[in-house]
Amino acid sequence: AKPYGRFSFTIKCFPDAGNYSDLEGPPAVYSFDYPLEYCPTPTIKPIIRPKDEPLNLKISLEELPDAPAGHRYEIEVASDSDFSNGLDRRTLEGNELDTVMTGRVPEEAHYVRIRMIGPEDDATIIASYWTDTVMIEAQPKPAPPPNPLP
């Protein structure tokens with residue numbers, strides 16, 4: 001199935017060649033609507049940059065009781081608020097509520113957004129809205145060690 005919500009079918013009956021006793025029937029149009037289910041927008045716990053691992057961002061989600069079966073989470077982290085620079089994308093299964101995005105330069109600001117999506121290849125479940133963008137501020141560059149030479 002393609003990811004469309006409605007399909008239309010036209011059915012028309014007509015007699016076989018040589019059958020002169022039956023008449024051609026009028027066309028009948030039927031429509032089929034996929035049962036559409038919407039994902040709720042996920043709730044994010046505070047995103048942290050662990051002190052002992054400044055290249056990582058720890059992202060945690062709250063479990064939602066009204067999430068559709070087989071749901072997943074799509075996470076995007078970028079270096080700009082338009083999500084066009086330094087983009088890192090990850091998909092988590094619905095039972096995974098924590099992840100660590102690695103390789104993020106601590107001296108850069110990072111922008112994070114998350115949405116809930118349905119199971120792979122399932123057009124009946126509509127993705128949620130993106131969460132509000134969360135900005136993780138850049139950390140100041142550490143001061144260089146003092147020069148021991150006079």
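This note goes through a predicted model, taking its core, its charged pairs, its surface patch and a few backbone features in turn.

1. The largest nonpolar core is a reasonable place to begin, and it holds 18 residues, with Leu57, Ile59, Tyr73, Ile75, Val77, Val112 and Ile114 having the most contacts inside it. Strands β4 (57–60), β5 (72–78) and β8 (110–117) each contribute at least two residues to this core. As general background, nonpolar side chains in soluble globular proteins tend to be buried together.

2. Ile75 deserves a separate look, since it is listed among the core residues with the most contacts. Once residues up to four places away in sequence are set aside, Ile75 touches Ile59, Val112 and Ile114, and also Leu92, Thr99 and Met101, together with the charged residues Asp88, Arg89, Arg90 and Arg113. Several of these charged residues return in the points below.

3. The structure holds 7 salt bridges, and one of them joins Glu74 to Arg115, with the closest N and O atoms 2.7 Å apart. Glu74 lies in strand β5 and Arg115 in strand β8, so this pair ties together parts of the chain that are 41 residues apart in sequence. The two partners fall into separate exposure classes: Glu74 is buried because its relative accessible area, 11%, is under the 20% limit, whereas Arg115, at 23%, counts as partly exposed.

4. A further salt bridge is formed by the side chains of Arg89 and Glu76, at 2.5 Å from N to O. This pair, too, links distant parts of the chain, with Arg89 in strand β6 (residues 88–93) and Glu76 in strand β5, 13 residues apart. Glu76 has a relative accessibility of 3% and so counts as buried, while Arg89, with a relative accessible area of 47%, is partly exposed.

5. Which residues are linked in a network of salt bridges? The network consists of Glu74, Glu76, Arg89, Arg113 and Arg115, and it therefore includes both partners of the Glu74 and Arg115 pair, whose residues lie in strands β5 and β8. Arg113 itself lies in strand β8, and its side chain is joined to that of Glu76 by a polar contact of 2.7 Å. Leaving aside neighbours within four places in sequence, Arg113 is in contact with Glu74, Ile75 and Glu76, as well as with Phe83, Trp130, Thr131 and Thr133. In general terms, side chains of opposite charge can pair when their charged atoms come close.

6. Arg104 and Asp88 also form a salt bridge, here with the closest N and O atoms 3.9 Å apart. Arg104 sits in the loop between β7 (98–101) and β8, and Asp88 in strand β6, so that the pair links parts of the chain 16 residues apart. Although it belongs to a loop, Arg104 counts as buried, at 8% relative accessibility.

7. On the surface, Phe9, Ile11, Tyr30 and Phe32 form a nonpolar patch, with about 420 Å² of accessible area together. Strands β1 (6–11) and β2 (28–33) each supply at least two residues of this patch. Tyr30, which lies in strand β2, is partly exposed because its relative accessible area of 47% falls between the limits of 20% and 50%.

8. Two residues other than glycine merit a check of their backbone, since each has a positive phi. For Phe83, phi is near 55°; this residue is placed in the loop between β5 and β6, and it is buried, with a relative accessible area of 8%. For Asp121, phi is near 60°; its place is in the loop between β8 and β9 (125–126), and at 79% relative accessibility Asp121 counts as exposed.

9. The last point concerns Pro142, which lies in the segment after β10 (134–136). Is Pro142 buried or exposed? At 62% relative accessibility, Pro142 counts as exposed, being over the 50% limit. Its C-alpha lies 9.3 Å in space from that of Glu107, with the two residues 35 apart in sequence.

Definitions and conventions:
Residues numbered from 1 in each chain as written. Predicted model: local features only at pLDDT ≥ 70, side-chain atom pairs only at ≥ 80, totals over all residues. Heavy atoms only, no water. Patch = residues over 30% accessible without salt bridge, like charges linked within 9 Å, V, L, I, M, F, W, Y side chains within 5 Å. Areas by Shrake-Rupley, 256 points an atom, 1.4 Å probe, with all protein chains shown as cover. Salt bridge = Lys/Arg side-chain N within 4 Å of Asp/Glu carboxyl O. Helix = DSSP H or I, 4+ residues; strand = E, 2+ residues; numbered from the N terminus. Buried < 20%, exposed > 50% of the residue type's maximum accessible area, 1.4 Å probe, protein only. Core = buried A, V, L, I, M, F, W, Y, C linked by side-chain atoms within 4.5 Å. Contact = heavy atoms within 4.5 Å. Polar contact = N/O pair within 3.5 Å; in protein donor to acceptor, adjacent residues only side chain to side chain.
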